[in-house]
Amino acid sequence: MDKIKKTMDLAWAAGFFDGEGSITFVGKSVRIFLTQKEREPLDRFKSIVGYGIVYPRQHRQTAKGKDTYCYKYYVGGFNGRQVLEILYPYLFVKKIKAELAFDIYRNYKGKMCNRESGKHKRGRPITKHKSF
C-alpha cells in the first residue's frame with residue numbers, strides 16, 4: 001500500500017509541476033519554481049519531493065491599491081537536479097526540458113568558462129541566465 005501511495009504522490013507532484021512549474025538554468029545550477037495563491041499545494045509538493053523551500057511573496061497591487069500575496073516554491077543546485085530526477089519518470093509536459101537540464105548540467109560540469117575573458121571554452125559569450 002505504501003508503494004502505491006508513494007507512486008500516486010509522485011505522479012501528483014509531477015502533474016502539478018508539469019502544469020504550474022518552471023525550470024531555469026543559471027550557470028551550472030538547475031532551478032525549479034512553482035507559484036500559487038495558496039500555500040498548501042506547495043507544502044504538499046515539498047513534502048513529496050523532500051527538497052526546497054516555500055515562502056510568501058508580494059505579487060501585485062490590485063486596482064484598489066491593495067497588495068496581493070502568493071507563495072513560491074524554490075529549489076536549486078544539486079537539490080534541484082535531485083527533484084527533477086525524482087519526478088522524471090512521471091513527467092509529461094516538462095520531460096524534454098528536464099532532459100535538457102540534465103544535458104546542460106552534464107556538459108558544463110568541470111568545464112564552465114574562462115571567467116576573465118567572459119567566454120566559454122568554445123568561445124561563445126557567457127550568458128548569466130538561460131531559461132527554457
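Trainee: How many salt bridges does a search of the whole structure find?
Mentor: Keep in mind that this is a predicted model. The search covers the whole structure. The count of salt bridges is four.

Trainee: Which residue meets D9 in a salt bridge at 3.1 Å, N to O?
Mentor: Look within helix α1, residues 2-20. The partner is four residues from D9, so about one helical turn separates the two. The residue is K5.

Trainee: Is D9 buried or exposed?
Mentor: The relative accessibility of D9 is 16%. The cut-off for buried is under 20%. D9 therefore counts as buried.

Trainee: Which residue of helix α2 meets D9 in a salt bridge?
Mentor: The N to O distance in this bridge is 3.4 Å. The pair links distant parts of the chain, with D9 in helix α1 and its partner in helix α2, residues 40-49. They are 35 residues apart. The partner is partly exposed, at 36% relative accessible area. The residue is R44.

Trainee: With which residue does R39 form a salt bridge?
Mentor: The closest N and O atoms are 3.1 Å apart. R39 is partly exposed, with a relative accessible area of 30%. Its partner is partly exposed too, at 31%. The partner is D43.

Trainee: Which residues are joined into one network by salt bridges that share partners?
Mentor: D9 meets K5 in a salt bridge. D9 also meets R44 in one. The network joins K5, D9 and R44.

Trainee: On to the rings. How many aromatic pairs does a search of the whole structure find?
Mentor: F33 and Y74 form an aromatic pair. F45 and Y73 form another. The search finds six aromatic pairs.

Trainee: What is the angle between the planes of F33 and Y74?
Mentor: F33 is in strand β2, residues 29-36, and Y74 is in strand β4, residues 67-76. They sit 41 residues apart in the chain. Their ring centres are 5.1 Å apart. The pair is tilted, with an angle of 40 degrees.

Trainee: Is the pair of F45 and Y73 stacked or edge-to-face?
Mentor: F45 is in helix α2 and Y73 is in strand β4, 28 residues apart. Both are buried. Their ring centres are 4.9 Å apart. The planes stand at 80 degrees, so the pair is edge-to-face.

Trainee: Which residues form one aromatic cluster with F45 and Y73?
Mentor: F45 and Y73 already form a pair. The cluster adds three residues to them. These are W12, F16 and F17.

Trainee: The charged end of R44 sits over which ring?
Mentor: R44 also meets D9 in a salt bridge. Its charged end is 4.0 Å from the centre of the ring. The ring belongs to W12.

Trainee: Which residue lies over the face of Y88?
Mentor: The distance from the ring centre is 4.5 Å. The residue is K95.

Trainee: Why is strand β1 largely enclosed by the rest of the structure?
Mentor: Strand β1 covers residues 21-26, six residues in total. The reason is how many of them are buried: five of the six.

Trainee: What is the bridge partner of S22 in β2?
Mentor: Strands β1 and β2 run antiparallel, and six bridges join them. The partner in β2 also pairs with the ring of Y74. The partner is F33.

Trainee: Which residue takes a positive phi in the hairpin of β1 and β2?
Mentor: The hairpin has two residues between the strands. The phi is near 65 degrees. The residue is G27.

How values were computed. Residues are numbered from 1 along each chain as its sequence is written. This is a predicted model: local features need pLDDT of at least 70, side-chain atom pairs count only at pLDDT 80 or more; totals for chains, interfaces and linings use all residues. Side-chain values use heavy atoms; hydrogens and water are left out. A salt bridge is a side-chain nitrogen of Lys or Arg within 4 Å of a carboxyl oxygen of Asp or Glu. Buried means under 20% relative accessible area, exposed over 50%, partly exposed in between (1.4 Å probe, protein chains only). Rings of Phe, Tyr and Trp (its six-membered ring) pair if their centres lie within 6.5 Å; planes under 30 degrees apart count as stacked, over 60 as edge-to-face and the rest as tilted. A charge sits over a ring if NZ of Lys or CZ of Arg is within 6 Å of the ring centre and within 35 degrees of the ring normal. Two strands pair if DSSP finds at least two bridges between them.
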